[in-house]
Amino acid sequence: MVANPIRLIITSIGINASVEQVGMLSNGDMATPTQNPWENVGWYKAGTHPGERGSAVIDGHLDRPGGYQAVFWYLQDLHIGDAVLVVNADGKTLHFRVTRIELYAPQAAPIQDIFGNRGGTYLNLITCAGDWIPNQHQYNLRLVVYTTLG
């Protein structure tokens, strides 16, 4: 079994973040980091480990209250081919490359593709995007950055 991820590093957009283990919220959404919610990212611990066959998923906040930058503020600036690194608890660094970047309405996100694609070794990064909807306390889109090991 692959060791748990402890750091996410994306030098092209200035990310070097600690990874928290997160689960599922009561409404069925993936939880977000709680220990240091604006600077850390959350790995979905009930899913695939980064480096194992399947789709590992890491999320992070776009911004914090007041609209100030959070860990994934610049995620939309990634490009196909950019490097995404994950450091595991055993000290091993896994090298992923961005293969695709998509925007989805929350209810239209392809959950199976994001969390359940077992056709390779993937790491998918998720954050909010689009316009803030004040009465719903959420953004109207989700940004998913798909990456592949290697």
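This is a short tour of the structure on your screen, one selection at a time.

**The whole chain**

Keep in mind from the start that this is a predicted model. Begin with everything shown as a cartoon, and you should find one helix and ten strands. Following the chain from its N terminus, the elements come in the order β-β-β-β-β-β-β-β-α-β-β. Turn the model around: its C-alpha atoms fill a box of roughly 45 × 30 × 30 Å along the principal axes. Does the radius of gyration agree or disagree with that of a compact globule? It agrees, because a compact globule of 150 residues would have a value near 15 Å and the chain has 14 Å.

Now switch on the surface. The accessible area of the chain is about 7,600 Å², and carbon and sulfur atoms account for 52% of that. Of the 150 residues, 43% count as buried. If you display contacts between residues at least 6 apart in sequence, 56% of them join residues at least 24 apart.

**Stop 1: V41, in strand β3**

Select V41, which you will find in strand β3, residues 41–44. Is V41 buried or exposed? V41 is buried, because its relative accessible area is 0%, under the 20% cut-off. Show what surrounds V41: leaving aside neighbours within four places in sequence, the contacts are L8, A17, S18, V19, E20, P33, I58, D59, V71 and F72. Pick E20 from that set and draw a C-alpha to C-alpha distance to V41; it should read 6.1 Å, for two residues 21 apart in sequence.

**Stop 2: G14, in a loop**

Next, select G14, in the loop between β1 (5–10) and β2 (15–22). G14 is exposed, with a relative accessible area of 67%. While G14 is selected, add F72, 58 residues away along the chain. The C-alpha atoms of G14 and F72 are separated by 9.8 Å. You have already met F72, as one of the residues in contact with V41.

**Stop 3: P65, in another loop**

Move on to P65, which sits in the loop between β5 and β6 (68–69). P65 counts as exposed, at 61% relative accessibility. Which residue should you pair with P65 for a distance? Choose W38: 27 residues separate P65 and W38 in sequence, and 9.7 Å separates their C-alpha atoms in space.

**Stop 4: the largest pocket**

Now for some empty space. The largest pocket holds about 870 Å³. To find the pocket, select D29, M30, T32, C128 and R142, which lie nearest its centre among the 30 lining residues. Which elements each supply at least two residues of this lining? They are β5 (63–64), α1 (111–116), β9 (121–133) and β10. Colour the lining by residue class, and you will see 17 nonpolar, eight polar and five charged residues.

**Stop 5: H137, between β9 and β10**

Two of those elements lead to the next selection. H137 lies in the loop between β9 and β10. With a relative accessible area of 64%, H137 is exposed. Check the backbone here too. Most residues other than glycine have a negative phi. H137 has a positive phi, near 55 degrees.

**Stop 6: V145, in strand β10**

From H137, continue into strand β10 (residues 138–149) and select V145. V145 counts as buried, because its relative accessibility is 0%. Not counting residues up to four places away in sequence, V145 touches L75, L78, V98, R100, I101, L123, N124 and L125. For a last distance, choose N124 from that set: its C-alpha atom is 5.6 Å from the C-alpha atom of V145, with the two positions 21 residues apart along the chain.

**Looking back**

To finish, show V41 and V145 together with G14, P65 and H137. V41 is buried, and V145 is buried. By contrast, G14 is exposed, P65 is exposed and H137 is exposed.

Definitions and conventions
Residues are numbered from 1 along each chain as its sequence is written. This is a predicted model: local features need pLDDT of at least 70, side-chain atom pairs count only at pLDDT 80 or more; totals for chains, interfaces and linings use all residues. Side-chain values use heavy atoms; hydrogens and water are left out. Helices (H or I, at least four residues) and strands (E, at least two) are DSSP runs, numbered from the N terminus. Buried means under 20% relative accessible area, exposed over 50%, partly exposed in between (1.4 Å probe, protein chains only). Contact means heavy atoms within 4.5 Å. On a 1 Å grid over the protein atoms alone, a cavity is a set of points where a 1.4 Å probe fits but cannot get out, and a pocket is an open set with protein on both sides within 12 Å along at least five of seven lines; lining residues have an atom within 4 Å of a point. Grid points are joined across faces, edges and corners, and a volume is the space filled by probe spheres set on the points. Ala, Val, Leu, Ile, Met, Phe, Trp, Tyr, Cys and Pro count as nonpolar, Asp, Glu, Lys and Arg as charged, and the others, Gly among them, as polar. The radius of gyration is taken over C-alpha atoms; the globule rule is 2.2 Å times the number of residues to the power 0.38. Accessible areas come from the Shrake-Rupley method with a 1.4 Å probe; for residues, only the protein chains shown count as cover.
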